[in-house]
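The exercises below are to be worked through with the sequence and the 3D structure in view. Each task is followed by a solution that proceeds step by step.

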Amino acid sequence: MFCISGKWLGAALLGAGLNLGVAQAAPVEISFYYPVAIGGPVTKIVDDLIARFETANPDIKVKAIYSGTYSETISKSLTAFKAGQPPELAVMLSADLFTLIDEGAIAPIDDFIKTDDDKAWLAGFSPVFMTNSKSEDKTWGIPFQRGTTVFFWNKDAFKQAGLNPDVGPQNWDEVVDFATKLTKRDASGNVTQWGMQVPSSLTSYWLLQGYVAQNGGTIANLSGDQTYFDTPEVIEGLQYWTDLALKHKVMKPGVIEWATNPKDFFEGRAAMITTTSGNLTNVKANAPFPFGVQMLPEHKKRGAPTSGGNIFIFNGTAPEKQQAAFQFAKWLTSADQSAEWSIKTGYIAPRDDAWNTPAMQAYVKEFPGAAVPHDQIPYLVPELSTHENQRVARIIDDGIEAALTGSKTPAQAMKDAQQEADRVLKQYR
Amino acid sequence: MTQGRNQITAWLLLLPAVVLLAAFTHVPAVMTLFNSFYNTPRGVRPAKFVGIGHYTDMLSDPVFLAALKNNAIYAIGTVPVAIGLAMLMALIVNSSIRGKAMLRMSFFLPTILPMIAVANIWLFFYTPGYGLIDRFLGMFGFAERNWLGDGSTALGSLMVLAVWKEAGFFMIFYLAALQQISPSLGEAAALEGAGRWYFFRRVTFPLLMPTTLFVLINAIINSFRLIDHVIVMTRGGPDNASTLLLYYIYQTAFRFWDTGYAAALTMVLLALLALLAFVQFGILDRRVHYK
Amino acid sequence: MSVSALPQPLQSREQSFWHALEVLGCYLLGALWILPLLYAVWMAFHPAGYEVRLDLTAPLTLTNFIQAWNAAPFARYFLNTFVLISVILVSQFVICTLAAYAFARYDFRGKTLVFMLVLIQLMIMPEVLMVENYRTMVKLGLVDTVWAMGLPYMASAFGIFLLRQAFLTVPKELDDAARVEGAGPLGVLLKVYVPLSRPIYVAYGLVSVSYHWNNLLWPLVITNSVSTRPLTVGLQVFSSPDQGVQWSIISAAALMTSAPLLIGFLLFQRQFVQSFMRAGIK
């Protein structure tokens, strides 16, 4: 409908006009949408980083806007973009890359790479984190707060079950074996401690990806227009996951909330959990017992998904603002800040030079668990990322939920999901 | 005053209301119909006419069908229970029981609190294992239940919250109606030796009929309108077991950015509401007045 | 059931047993209804460790409130909600009063049709049309403003209907008398109708305030910054962290955001209930 796009164009022009008006006055002010999506006082850390950036760059003012969860952040920033008032930059899921490109909302990072220093900085990111940041030979996102899933266990519970508290399960069979020993039931048969828990309330495809990678498969292609939900590797991975609850009865049946999963661990209601590496700091601070942390157990091979947020620079703002945004993003993701961010939040620093900083090395020495996500980097696979990613993710999440609650078999659930995903994606092929 | 001047004054008085209502109710309703025949523009690609394509897609869209079914279950499950409880509460508060004010307060309090606030609190009650409900049931030997994470209980859990939240609100309407029933009716009935149940069935209940109709319609509208608790507690899951129509519209429009399809979904909701209006004005209203 | 206005006849022992059971049932229902809130209060005022252990000797604390207050800009959210409600309420009073007056005291062509068109809004609330209304706000350039949140609600069918009913009960003679004294239409409205309908304004005002204090969906869609977000949206953003929750802090935040309504209700319970009743009688 021309009337609507016309109006949006009008709004965009209006927005651009406003921005120009503001840009005349120094210093350049940029706004930064940041999803507060992790336990702990993250906002203070961000504010502190911004303050130091502003001191070093007095001509730039950064306004941080804490925008809720990732999905709220992309909604809000796309909303603002369509209304002609986009933020200059935002941290959004790396997996939403194609959605952002399809909406024409983001600018390629390559446009800002001018000096040798810029080039060296860009080349410093670990390749696996760049997979989700590139499309058609252009780089669109800057890896910032990336994560993966890691495996935690309660050492006290291991001792009680007669297991060696210092060694976690190394493969799928051992997980079932350990979890069976760790699942405790009271006299009337009600479970008081589950052996294993894997969260599944949001973005459960992400945890499935770990199982699929370990099983030698993949759930989607890299150009984001074809999913492989109904392949044997995916179905077997989901079968294994659902079996934990429905066949072996060592995991709480039904959908398990992300938010309560660590809490269940602290309360002693779950002896082993898989959760995001972003929870390292949270577990370290709140677990009232000694715990172990390791890479995900293997099957045919090792494997784990990446996740988390990239920094994206928006279209539709004045060039000098975009340039200022790039400067801020580059500063934020250079070795020292990257290491600091990783230490304070538990996200993986996505660059090797960050792991070599003195601060990081000292931290890993003091808390060896922090090195686990880094050790897992060689085995990582990129997070599911397709066109209309929110919708496709919802489709596979629905399928996983159906399998976990027992309303469909894993094979049926994945077949239905593949069909739905095809319906959405066929127009992009 | 001439007739002509009166006309002008009347329209001037109406102007602000008419403009605003047209801008945010009538025009959008018509535009929704119009836009439901187009797909969603993305980036540089403009919207394209797809005819009734969205509507035929809907028939094979499992999420839409689930939302429709859930909304029916939700309305049929919550509305009569809330109304029955509301009537009971009104009778209690209107009786001579001691501590009426306290009872009235506890019934009415959930109504004035934001749904989002109470939904957050109830989220904890439903937590498996150590949530309030599981610990209470645990005292009687029940196993823990994953209330919100299990397709068979998720919608029911939302419905319980909705009844708790809304019954007190409807109680108010019954209370107002009860206070208009003349006490002499009761005295006369007592003299004739009528039992209380008999009196309720033959006198009070019929007299409350117009209120019941009013509350019924409002309760049904609310069951389509209020989705705050879905957003907080289940996000429609697991596997769309608790998704409601308006939540699916919200998701489609503001999570998937598919406004064309969302417009078509909105039309379905509008059609349902129109049907409701027709039932109210056309059929039920007439019957009730004959009573 | 402790039913109805029936006077209790003399009771036998058996009857009084049933009566006692009945009364007990009533109190149980009341207790059941208030329990969730009492529990929320308990969680909010005790340290996090006690949220799953009910222990009467647990120490009281305000830490949860302080942490919640510091974790999100609630002061700003309170201000936003206050501004939003004021803007809506004032506009509703003005717009609905004018329209109700026209419907109550004027004859004009198409009156029935227009009245029916107004009543449609009772069925089709603005949030049902959020997709299209959102588009309208984008066109008007109002996204993320108080006006965007308020405009769709300002011409309220409910308010127009309620005030029209009230105005219809005003004796025509008073109207005529005022006109004889030379008052114009607005003068009559302000001198005669509005003062006589004061209880209805109070009733409608209370209903409207509590509705908009609690409204989430439309503000959630249309706002995206701290400086416009009302309390409900602020609470939604605050309480949706992906990892780890502290129930005691969430409870504190939930109670805090409802506190003004809660306190207002507890102080003016009678007026509240009567106002809601008044608004409910048609």
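**Exercise 1. Locate the kink in helix α4 of chain B, then examine the length and burial of this helix.**

Step 1. In α4(B), a kink of about 30° is found at Ser106(B), shortly before the proline Pro110(B). The bend at a residue is the angle between axes fitted to the seven residues ending there and the seven starting there. Helices (H or I, at least four residues) and strands (E, at least two) are DSSP runs, numbered from the N terminus.

Step 2. Before continuing, note the conventions. The model is predicted, so local features need pLDDT of at least 70 and side-chain atom pairs count only at pLDDT 80 or more, while totals for chains, interfaces and linings use all residues. Residues are numbered from 1 along each chain as its sequence is written, and chains are lettered from A and ligands numbered from 1 in the order in which they are written.

Step 3. Helix α4 of chain B covers residues 100-112, and at 1.5 Å a residue its 13 residues should span 18 Å. The expected span is 1.5 Å times one less than the number of residues. The end C-alpha atoms are 19 Å apart, which agrees.

Step 4. The buried residues of α4(B) are Leu103(B), Arg104(B), Met105(B), Ser106(B), Phe107(B), Phe108(B), Leu109(B), Pro110(B) and Ile112(B). A residue is buried if 20 or more other C-beta atoms, placed from the backbone, lie within 10 Å of its own; it is exposed if 12 or fewer do, and partly exposed in between.

**Exercise 2. Describe chain B as a whole: how many helices and strands are there in chain B?**

Step 1. Chain B has 13 helices and zero strands.

Step 2. The C-alpha atoms of chain B occupy a box of roughly 80 × 75 × 30 Å along the principal axes. Of its 291 residues, 53% count as buried.

Step 3. Among contacts in chain B between residues at least 6 apart in sequence, 68% join residues at least 24 apart. Two residues are in contact if their C-beta atoms, placed from the backbone, lie within 7 Å.

**Exercise 3. Determine which residues of chain B are in contact with its partners, and of what class they are.**

Step 1. Towards chain C, 79 residues of chain B are in contact with 74 residues of chain C. Helix α1 (residues 3-35) of chain B gives the most to this side of chain B, with 19 residues.

Step 2. By class, this side of chain B holds 61 nonpolar, 13 polar and five charged residues. Ala, Val, Leu, Ile, Met, Phe, Trp, Tyr, Cys and Pro count as nonpolar, Asp, Glu, Lys and Arg as charged, and the others, Gly among them, as polar.

Step 3. Towards chain A, 26 residues of chain B are in contact with 30 residues of chain A. The side of chain B that touches chain A has twelve nonpolar, nine polar and five charged residues.

**Exercise 4. Which members of the largest nonpolar core touch the most other members?**

Step 1. The core has 284 residues, and those that touch the most other members are Leu89(A), Met272(A), Ala86(B), Phe170(B), Met171(B), Tyr174(B) and Ala99(C). A nonpolar core is a set of buried Ala, Val, Leu, Ile, Met, Phe, Trp, Tyr and Cys residues joined through C-beta atoms within 7 Å.

Step 2. Helix α7 (residues 154-179) of chain B gives the most to this core, with 18 residues.

Step 3. Not counting residues up to four places away in sequence, Ala86(B) touches Ala167(B), Phe170(B), Met171(B), Tyr174(B) and Val215(B).

Step 4. A second, separate core of nine residues includes Ala339(A), Ile348(A), Ala354(A) and Met360(A).

**Exercise 5. Against which elements do the buried residues of α14(A) pack?**

Step 1. Helix α14 of chain A covers residues 335-345, and its buried residues are Ser338(A), Ala339(A), Glu340(A), Trp341(A), Ser342(A), Ile343(A) and Thr345(A).

Step 2. These buried residues pack against α2 (42-56), β6 (142-154), α12 (280-286), α15 (352-355) and α16 (358-366) of chain A.

Step 3. After α14(A) comes Gly346(A), whose phi is positive, near 95°.

**Exercise 6. How is chain C divided into domains?**

Step 1. Chain C consists of domain 1 (13-67) and domain 2 (73-280), with bounds from an automatic or database domain assignment.

Step 2. The C-alpha centres of these domains of chain C lie 33 Å apart. Ten residues of domain 1 of chain C are in contact with nine residues of domain 2 of chain C.
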